[in-house]
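Me: Please walk me through some helix packing and salt bridges. Keep it brisk.

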Amino acid sequence: MEMYTTAVLLATVHPPSPPREDSWRETMAMLSEQSCKAYRDIVVNHPNFIDYFQHATPESELGSLNIGSRPARRNAGIRDINSLRAIPWVFAWTQNRLILPSWLGVGEALQSAFDMGKKEELQRMYAEWPFFRATIDLMEMILAKCNERIARLYDDVLVTAPEEKALGEQLRGKLNATIRGLLEVTGHDALLINNIMLKRLLEMRDPYIEPLN
């Protein structure tokens, strides 16, 4: 409650600064469109994604646990993403440390902006527009929690079909490309280099969290 109250008071007394240039809103709209397309190309349109998701994550095991007020799926007999509820969807990807729903599409959106010659514009947006900076910093925090090594271990043990293994490799490649693109925007040498306290907290918890993953 204290955090919410403080946030409301700060936003009321000192409203967030609007973008300095009108074109920045257009750039944000472009990033949104490109990231949504890239996300759907994998999650909705890739022919092997559903099978990969069920094999590379503990989705079915999570669905059998008595830890929720509702079934994991809206329609138990239907094998598609639309039938899956949000909590097991995110929980499954968090458990294998790929955390796919939180960043998929961002790397493609940033690369599209780079290809359009907008890298310097994105860097100015990060430096001068608090909304964009907060969005990118949140994404940076999510990417810092991902662990490619653990995600690969899940694939090594649980995924057998060659086409699914190839998809897993593709997704981990997208993860690394997203990290590289984000660092180009922020100008940081590594993730969370501007938030040492959070970086140290994540490093301190890893020895305890990784065995659970």
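Below are short questions and replies on a predicted model.

Me: Which residues of helix α5 are buried?
Reply: Helix α5 spans residues 86-95. Its buried residues cover an arc of only 160° around the axis, so they share one side of α5. On the other side, Ala 86 and Ile 87 are exposed. The buried residues are Pro 88, Trp 89, Ala 92, Trp 93 and Gln 95.

Me: Is Arg 97 buried or exposed?
Reply: Arg 97 sits in the loop between α5 and α6. Its side chain meets that of Asp 206 in a salt bridge, 3.6 Å from N to O. The cut-off for buried is under 20% relative accessible area. Arg 97 has 4%, so Arg 97 is buried.

Me: How far apart are the closest N and O atoms of Arg 172 and Asp 155?
Reply: Arg 172 lies in helix α11 and Asp 155 in helix α10, 17 residues apart. Arg 172 is buried at 3% relative accessibility. Asp 155 is buried too, at 2%. They form a salt bridge, and the N to O distance is 2.7 Å.

Me: Which residues are joined into one network by salt bridges that share partners?
Reply: Arg 172 also pairs with Glu 169, at 2.9 Å from N to O. Those two are 3 residues apart in α11, so about one helical turn separates them. The network consists of Glu 148, Arg 152, Asp 155, Glu 169 and Arg 172.

Me: At roughly what angle do the axes of α9 and α11 cross?
Reply: The axes come within 11 Å. The crossing is left-handed. The contact residues divide into 9 nonpolar, 2 polar and 1 charged. The angle is roughly 140°.

Terms used:
Residues numbered from 1 in each chain as written. Predicted model: local features only at pLDDT ≥ 70, side-chain atom pairs only at ≥ 80, totals over all residues. Heavy atoms only, no water. Axes fitted to C-alpha atoms, helices over the stretch in contact; angles between N-to-C directions. Helix = DSSP H or I, 4+ residues; strand = E, 2+ residues; numbered from the N terminus. Left-handed = near helix turned anticlockwise from the far one by under 90°. Nonpolar A, V, L, I, M, F, W, Y, C, P; charged D, E, K, R; others polar. Buried < 20%, exposed > 50% of the residue type's maximum accessible area, 1.4 Å probe, protein only. Arc of directions from axis to C-beta. Salt bridge = Lys/Arg side-chain N within 4 Å of Asp/Glu carboxyl O.
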